[in-house]
Amino acid sequence: MAMAIGRESFFWHKLHSLSGIIPTGFYMLQHLTLNSFSIAGSEKFNGVIGFFASIPTHVLLALEIGVLGVPILFHGVYGLFITQRADINYTNPKYRFDRNRMFMLQRWSGVALFLLLIAHVTTTTVAAKTSGHTAIEFAAWHEKLTGHGYLILLLYAIGVLVASYHLAYGIWNFCIRWGIAISEVSQRRVQAFAFWFFIFVTLLGWGALAGFVVNKPTLSATEVVAMRL
Ligand code: HEM
Ligand code: HEM
């Protein structure tokens with residue numbers, strides 16, 4: 001089962017594929033759903049942050065590292081390895097098929113996600129652990145997304161779009177790879193599902209972002225953290 005450097009292995013490729021759905025895909029779906037509490041206002045969103053803050057540190061760390069961190073890191077790093085090996089030939093006019101374009105976008109979206117996630121996790125979870133939860137309370141999001149000439153809001157909106165595309169296309173590919181969609185008809189059905197899923201997840205993430213922008217924080221991030229102590 002050892003993977004020779006420079007050569008893909010069936011086992012690791014299957015594990016990579018699975019790790020895109022479990023836990024990464026499921027995590028993203030629940031993550032955007034919980035973030036969309038911002039639409040209901042600052043107290044509801046801060047309640048979610050407070051819930052995670054109330055989980056004992058050893059349990060939270062075990063979940064963050066074991067259940068989420070390691071699989072995402074594996075998926076990302078092995079994904080870069082697959083991308084670097086892939087023969088992306090869409091630029092050749094002979095190979096300009098829809099499926100080829102989608103294949104190319106899947107690889108590019110993976111590379112973009114890798115960079116976006118490093119920036120995102122550093123400024124959220126890592127910042128919360130090193131400098132306190134003030135970095136991720138509603139007021140901090142409101143300030144971050146409405147400041148800097150809305151540049152960070154734009155980056156997040158693009159990030160959500162890229163992540164949704166990667167996951168939606170991934171579901172379609174996953175169903176084919178694992179023999180869930182074999183016939184032409186079932187592959188078309190999964191493709192239609194993936195399309196609507198892409199629209200739904202994008203709107204969920206954009207809705208969450210809109211919630212942070214439109215609603216005003218009732219308390220500053222420092223006040224929220226102080227009340228929780
Ligand atoms: C609407 C856009 C998003 C917002 C507002 C948002 C918000 C947050 C917040 C508040 C945290 C810190 C959680 C905590 O430490 O308690 C976090 C962490 C994280 N986010 Fe996001 N996020 C967004 C989009 C995404 C997307 C699209 C992904 C892709 C899968 C993602 C992946 C992660 C990961 C992996 C972590 C680290 C989780 C951990 O270790 O606890 N986020 N995000
Ligand atoms: C961290 C950066 C990431 C990179 C570099 C990356 C890279 C890749 C690559 C190259 C593939 C295609 C594998 C193949 O067809 O051979 C893939 C598939 C997939 N990815 Fe990612 N990915 C990343 C993050 C994510 C995230 C955050 C999610 C979930 C939200 C995700 C979900 C999936 C799914 C569901 C598949 C389909 C699995 C399959 O092909 O059977 N990926 N990823």
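Helix 6 gives the shell around ligand 2 its largest share, eight residues. The structure is a predicted model, and the account below proceeds from this ligand site to the nonpolar core and then to one helix pair.

**Ligand site**

The surroundings of ligand 2 comprise 27 residues, and the nearest are Gly-20, Gly-76, Gly-79, Gly-110 and Gly-170. At least two shell residues come from each of helix 1 (10-35), helix 3 (57-85), helix 4 (98-131) and helix 6 (151-177). Sorted by class, the shell holds 13 polar residues, twelve nonpolar residues and two charged residues.

**Overall architecture**

The protein chain contains eight helices and zero strands, and the order of its elements from the N terminus is α-α-α-α-α-α-α-α. Along the principal axes, the C-alpha atoms occupy a box of roughly 60 × 40 × 30 Å. Of the 229 residues in the protein chain, 22% are buried. Among contacts with a separation of 6 or more, 78% join residues 24 or more positions apart.

**Nonpolar core**

The largest nonpolar core consists of 29 residues, within which Ala-168 and Ile-171 have the most contacts. Two or more residues of this core are contributed by each of helix 2 (42-54), helix 5 (138-146), helix 6, helix 7 (184-214) and helix 8 (221-228). Helix 6 provides the largest share of the core, ten residues. Beyond its neighbours within four places in sequence, Ile-171 contacts Ala-194 and Phe-197. Helix 6 is thus the leading contributor both to the shell around ligand 2 and to this core.

**Packing of helix 1 and helix 7**

The geometry of a packed helix pair is described by the distance between the two axes and the angle between them. For helix 1 and helix 7, the axes come within 8 Å and cross at roughly 35 degrees, in a left-handed crossing. On the helix 1 side, the residues in this contact are Leu-29, Leu-32, Thr-33 and Asn-35; they meet Val-201, Leu-204, Gly-205 and Ala-208 of helix 7. By class, the contact has five nonpolar and three polar residues, with no charged residues.

The class composition of the two sites described above is set out here.

| Site | Nonpolar | Polar | Charged |
|---|---|---|---|
| Shell around ligand 2 | twelve residues | 13 residues | two residues |
| Contact of helix 1 with helix 7 | five residues | three residues | no residues |

Helix 1 therefore appears in both settings, as a supplier of at least two residues to the shell around ligand 2 and as a partner of helix 7.

Technical notes:
Residues numbered from 1 in each chain as written. Chains lettered and ligands numbered in written order. Predicted model: local features only at pLDDT ≥ 70, side-chain atom pairs only at ≥ 80, totals over all residues. Helix = DSSP H or I, 4+ residues; strand = E, 2+ residues; numbered from the N terminus. Buried ≥ 20, exposed ≤ 12 C-beta atoms within 10 Å, placed from the backbone. Contact = placed C-beta atoms within 7 Å. Near = placed C-beta within 6 Å. Nonpolar A, V, L, I, M, F, W, Y, C, P; charged D, E, K, R; others polar. Core = buried A, V, L, I, M, F, W, Y, C linked by C-beta atoms within 7 Å. Axes fitted to C-alpha atoms, helices over the stretch in contact; angles between N-to-C directions. Left-handed = near helix turned anticlockwise from the far one by under 90°.
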